[in-house]
Amino acid sequence: MTTTKITPGQTVTSTQKIGLDLVAVLGGGRDVVLAIDLTESVGLNDEGRIRLRQIITDSLKPGDTVYVVPFAQDIVLNEVKSDVNPLGTAIYFSSKNQENIDKILAKIPSPDRKLYGTDIQQAELTIYQGLAQINQNRLQTNQNIKPQSVVWISDAPLFTEPGISSNIWIETPAGSHFRQVDSPESQQRQAWIKDLPINKRSLSIKTQNNKEYKLTVVDIAPTVQEFCTPAPGNQETCLVTPYLIKKLWLPGLISILLLIGLCLTALKVYRLQKKWELIVDFEVTAKPEDQKCSLPNNKRIAIGEYDSTCVDSIDCPGEEVRAYLERKGEKLYLVPTNLASIYYNEREITSRTLIDKSKFRLNCPHRKRDYEIIIKLKK
């Protein structure tokens, strides 16, 4: 893969930040850098190793990618760095088992007495630019970007202003470009610290010589560098929005369909829970509304005599229950008992019949005389 060394780009919008967060959540996993100062002044002691083991054992999750990056005057890696692999070979933490934990612990080096003069600003630039490069490579190849974290183990001060004098940190080598405020290296480091969404937490640890170094965790929210360039035809080409469209259109479509499904399900549940209202008009009376009945789902109303198994009854001549108005979900049925005749749509009903109108007429003839009932259904 051909890559270009990344530089800080344009600020991503709040909408793009949300999109990048979604891509990271959908992809899973993080980049975790264990940045370890190898100089004797730190002398990574037993407590430091215990805390490192604690981070590896308890904090790492399946899907994380781990980089062990020792440093002193410069980054001390056993493998060759490149724009594709700016922080060396990663360890993929596939599952939380002892084999994976031991693999990471085995790569953590011991302090080296031959190493001195921690150039902390050099380490910061290399690691932050390296992490930005890794996510930018993913953007270029349409892979999921990740949130990133750096675990710093050093007695050197982090996030200092550009240009680091001996008063601030005596170990910075005399010939380091980072001693100069306006050097390109100092300006690049400051630009990355300003550009990356960083959150820092620290803990002090005492060495065997009763000196202190810090274990600092720097969390970086998932981000990439945006570059928008004018194009012919009064257009503009950008990186982030097309990437987000490619990564999120399918999950977005699935989410929309799921949301529609949830809304339809909620609507159906609501409609099933809602009681129907039946307004009854007996033709033999002058009143247009003689009775109101409520009909819940899976319940029924008797037509004729009172029935204890029903929620209500609609009176008609005779001493028997002629039929039931039975609700099943969104459907209403007329269920005759065949103890006495009942008509719907001028047809005698002798078996379970679907009522598909919101206003219908029933006839319960008695002694050769019609007894008509008009029922209006409100769902």
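Visitor: Which backbone oxygen lies 2.8 Å from a polar atom of the side chain of glutamine 291?
Guide: This is a predicted model. Glutamine 291 lies in strand β10. Among the residues it touches are Asp312, Ser313 and Ile314. The backbone oxygen 2.8 Å from a polar atom of its side chain is that of serine 313.

Visitor: Is glutamine 291 buried or exposed?
Guide: Buried means under 20% relative accessible area. Glutamine 291 has a relative accessible area of 18%. That value makes glutamine 291 buried.

Visitor: How far apart in space are glutamine 291 and arginine 138?
Guide: In sequence, glutamine 291 and arginine 138 are 153 residues apart. In space, C-alpha to C-alpha, the distance is 70 Å.

Visitor: Which strands stand at the edges of the open sheet of six strands?
Guide: The sheet runs in the order β10-β9-β19-β18-β15-β16, with antiparallel pairing. Each edge strand has a single partner, so one side of it is left without a neighbour in the sheet. The edge strands are β10 (291-295) and β16 (347-348).

Visitor: Which residue in β19 stands opposite asparagine 363?
Guide: Strand β18 covers residues 359-363, and strand β19 covers residues 372-378. The two pair in the antiparallel sense over five bridges. Opposite asparagine 363 stands glutamate 372.

Visitor: Which cysteines form the disulfide?
Guide: The structure holds one disulfide. Its sulfur atoms are 2.1 Å apart, and a disulfide needs them within 2.5 Å. The link is right-handed, with 120 degrees about the S-S bond. The partners are cysteine 228 and cysteine 238.

Visitor: How many residues apart in sequence are the parts that this pair ties together?
Guide: Cysteine 228 lies in the loop between β6 (212-220) and β7 (229-231). Cysteine 238 lies in the loop between β8 (235-237) and α6 (240-273). So the pair ties together parts whose separation in sequence is ten residues.

Visitor: Why is cysteine 364 in no disulfide?
Guide: A disulfide needs two cysteine sulfur atoms within 2.5 Å. For cysteine 364, the nearest cysteine sulfur is that of cysteine 316, at a distance of 3.9 Å.

Visitor: Is cysteine 364 buried or exposed?
Guide: Its relative accessibility is 0%. Cysteine 263, by contrast, is partly exposed at 48%. Cysteine 364 counts as buried.

Visitor: What do the end C-alpha atoms of helix α5 span?
Guide: Helix α5 has twelve residues, 184-195. At 1.5 Å a residue, the helix should span 16 Å. Its end C-alpha atoms agree, at 16 Å.

Visitor: Where do the buried residues of α5 fall, and what do they pack against?
Guide: The buried residues are Ser186, Arg189, Trp192 and Ile193. Seen down the axis they fall within an arc of 130 degrees, so they line one face of the helix. On the other side, Pro184 and Lys194 are exposed. The buried residues pack against α4 (120-140) and β5 (198-206).

Visitor: How many residues of strand β1 are buried?
Guide: β1 covers residues 31-37. Asp31, Val33, Ala35 and Asp37 point one way, and Val32, Leu34 and Ile36 the other way. All are buried. The count is seven of seven.

Visitor: Which strands pair with β1 in the parallel sense?
Guide: One partner pairs with β1 over seven bridges, and there valine 32 stands opposite valine 66. Another pairs over six bridges, and there valine 33 stands opposite valine 150. The partners are β2 (residues 64-71) and β4 (residues 148-154).

Key
Residues numbered from 1 in each chain as written. Predicted model: local features only at pLDDT ≥ 70, side-chain atom pairs only at ≥ 80, totals over all residues. Heavy atoms only, no water. Helix = DSSP H or I, 4+ residues; strand = E, 2+ residues; numbered from the N terminus. Buried < 20%, exposed > 50% of the residue type's maximum accessible area, 1.4 Å probe, protein only. Pairing = 2+ DSSP bridges. Expected span 1.5 Å × (residues − 1). Arc of directions from axis to C-beta. Contact = heavy atoms within 4.5 Å. Polar contact = N/O pair within 3.5 Å; in protein donor to acceptor, adjacent residues only side chain to side chain. Lists of a residue's contacts leave out its neighbours within four places in sequence.
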